[in-house]
Amino acid sequence: ADFTYEQTIQFTGAATDSDSDAISAWHWDFGDGNTSDVQNPTHQYPTGGTFTVTLTVTDARGVTGTATKTITVEGPPNVAPTVGFTWTPTAPASGATVTFTSTVTDPDQPAGTAFTYAWNFGDAATSTVANPTHVFAANQSYTVTLTVTDAQSGTGVASHVVAVGNTLPVVNTLTSSPASPATGDTVTFTATATDADPEDDIGYFTWDFGDGTVQTGSATTAGGGTASHTYAAPGTYTVTVTAADTRDAVSAGKIAEVTVTGPDKVVVIVYPNPASTQATIQYVLPDGATNPVLRVYRLDGKLVFETELAEGASTYAWDLVGDNDEGVANGLYFCVVTATDDGGKTIRSEIFRLLVSR
C-alpha cells in the first residue's frame, strides 16, 4: 500500500500553461466522495482501499487540464464479528424440530455483503444457513456451535448446550432483604428452584437487577441461590431471576419489584476502577442536601483535587488532573463527597478508594 488509514496524506498540485495563462482554479476529487479546491490539500482515507485521485486545473481563460493518479491505502485491522444465537423450543423433545436464530454484529462488514455461516449441531449434522432448523434424535445434551466468517476472513464463534428431552426447572420463590432499601444499601436476594427430572440438579441462577446489571451465581445443593446488589439511585426496579439445571435448561423468569428510597447519607460510586484516563464519580445526596463538593486525597492525606458538584443525583467526570493542572501519579487515592443537609450540618460519603493505573 502507498499509505495507511492512519496517515494524513499531503497532495501537491503543479501545473504549467503553454501560453503563460495564470492558473485560476484547482479542484481535487479524492475518489471517495470528498473534494477540495485548494492547490495543496491534505486528506485521510479512514477505511482504506484503492482510490483514483483526479486533479483538474483551470486557467484564466477557462481552459481546463486534468491529471489522475491511483493510490492504495491500507485499511484498519479487521474487527471480527460478534456472534450469538437462540433456539426454540428451549427444551425440545427428541424428534421435535428446533429452530435456531443467529445474531451477528460487525462494524466493518461492507454493506450488502453476506456472512458465511457454519453450524455444528453436536451430532455430526451441520448447516450453512443463517437460521437453520434441526431435529435431534436422542434425549441427551448437545453442544451446538455457530462459526460466522466475515468478508475479511474474521471469525466469531458462539456455543450453547441444547438439552433434548429435558424438563425446564422452575423458580419457586424470590425474596429480597431489606424489604425497603435505601440508595447505597446492600440488598440480598434469595431464590429457590426445583427440577422435575430426578437426574438433574439446579446448577446456577442468573440475576437481572433491573438497573442494567446482570450477575450469575452457583446454586446450593438445596436448589437455592443468593445474590447481593447495591442500587446507586432511588426508584422502583424489576428484578428477574432464572435458574439453569445441570444440563443447561433454563427456567422462565421469576419477577419481583424492589423500591429503593433516597439515601440517608451521601452515596458515592467511582468507575472504572482502576482508572487510566478518566474516572466517573456517581453520587446521590439525601433529600434536601445542598452544596456537594468532591475532594480527592493522596495516601498521605494531601488534597490533590477539589471541585463543586451539581446538586441532586448526578455524575462528574474527572480527567485525573489535579488542582495543579497536572495529571496525578499512578497510585491509590481517597475520594470523598461532602454536602450540607437540610438542617445545616455537614455530611459526607464513605471514603471511596480509587486506583489510578496507566
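Contact, on this tour, means heavy atoms within 4.5 Å. What you have open is a predicted model, where local features need pLDDT of at least 70 and side-chain atom pairs count only at pLDDT 80 or more, while totals for chains, interfaces and linings use all residues. Residues are numbered from 1 along each chain as its sequence is written, and side-chain values use heavy atoms, with hydrogens and water left out.

**Stop 1: R298**

Select R298, in the loop between β24 and β25. Strand labels here follow DSSP runs numbered from the N terminus: strands are E runs of at least two residues, helices H or I runs of at least four. Leaving out residues up to four places away in sequence, R298 touches V304, Y333 and F334. Now show the side chain of D300: it makes a polar contact with the side chain of R298 at 2.5 Å. A polar contact is a pair of N or O atoms within 3.5 Å; within protein, one must be able to donate a hydrogen and the other to accept it, and residues adjacent in sequence count only if both atoms are side-chain atoms.

Is R298 buried or exposed? Neither: at 32% relative accessibility, R298 counts as partly exposed. The scale calls a residue buried under 20% relative accessible area, exposed over 50%, and partly exposed in between (1.4 Å probe, protein chains only). Before moving on, put a C-alpha distance between R298 and G331: 8.3 Å in space, for 33 residues in sequence.

**Stop 2: the largest core**

Next, select V268, V270, L294, V296, W318 and L354. These have the most contacts inside the largest nonpolar core, which has 25 residues. Such a core is a set of buried Ala, Val, Leu, Ile, Met, Phe, Trp, Tyr and Cys residues joined through side-chain atoms within 4.5 Å. Colour β22 (267-271), β23 (279-284), β24 (290-297), β25 (303-308), β27 (331-340) and β29 (352-356), the elements that give two or more residues to this core. Which element gives the largest share? That is β27, with four residues.

Zoom in on V268. Apart from neighbours within four places in sequence, V268 is in contact with I281, Q282, Y283, V337, S349 and F352. A second, separate core of 18 residues includes V187, F189, F205 and W207.

**Stop 3: a four-strand sheet**

Show the strands in the order β18-β17-β20-β21: an open sheet with antiparallel pairing. Two strands pair if DSSP finds at least two bridges between them. β18 (214-218) and β21 (254-260) are at the edges with a single partner strand each, so one side of each is left without a neighbour in the sheet. In the middle of your view, β17 (residues 202-208) and β20 (residues 235-245) pair in the antiparallel sense over six bridges. Pick I202 and look across to β20, where the bridge partner is D245.

**Stop 4: the five-strand sheet**

Jump to β1-β7-β6-β3-β4, an open sheet of five strands with mixed pairing. Here β3 and β6 (residues 49-59) pair in the antiparallel sense over six bridges. For one bridge to click on, take D29, whose partner in β6 is T54.

**Stop 5: F11, W28 and the neighbours**

Show the rings of F11 and W28, which form a tilted aromatic pair, 5.5 Å centre to centre with 55° between the planes. The rule takes rings of Phe, Tyr and Trp (its six-membered ring) with centres within 6.5 Å; planes under 30 degrees apart count as stacked, over 60 as edge-to-face and the rest as tilted. By this rule there are 18 aromatic pairs. F11 is in the loop between β2 (9-10) and β3 (23-29), W28 is in strand β3, and the pair links parts of the chain 17 residues apart. F11 is buried at 9% relative accessible area, and W28 is buried at 5%.

Add P41, in the loop between β4 (35-36) and β5 (42-43). At 4% relative accessibility, P41 is buried. Not counting residues up to four places away in sequence, P41 touches I9, Q10, F11, W28, F30 and S36.

Then pick H43 in strand β5, buried at 11% relative accessibility. Which side chain makes a polar contact with the side chain of H43? Select D32: the distance is 2.8 Å.

**Last stop: more rings**

Finish by selecting F85, W87, F100, W119, F121, F136 and Y142, which form one aromatic cluster.
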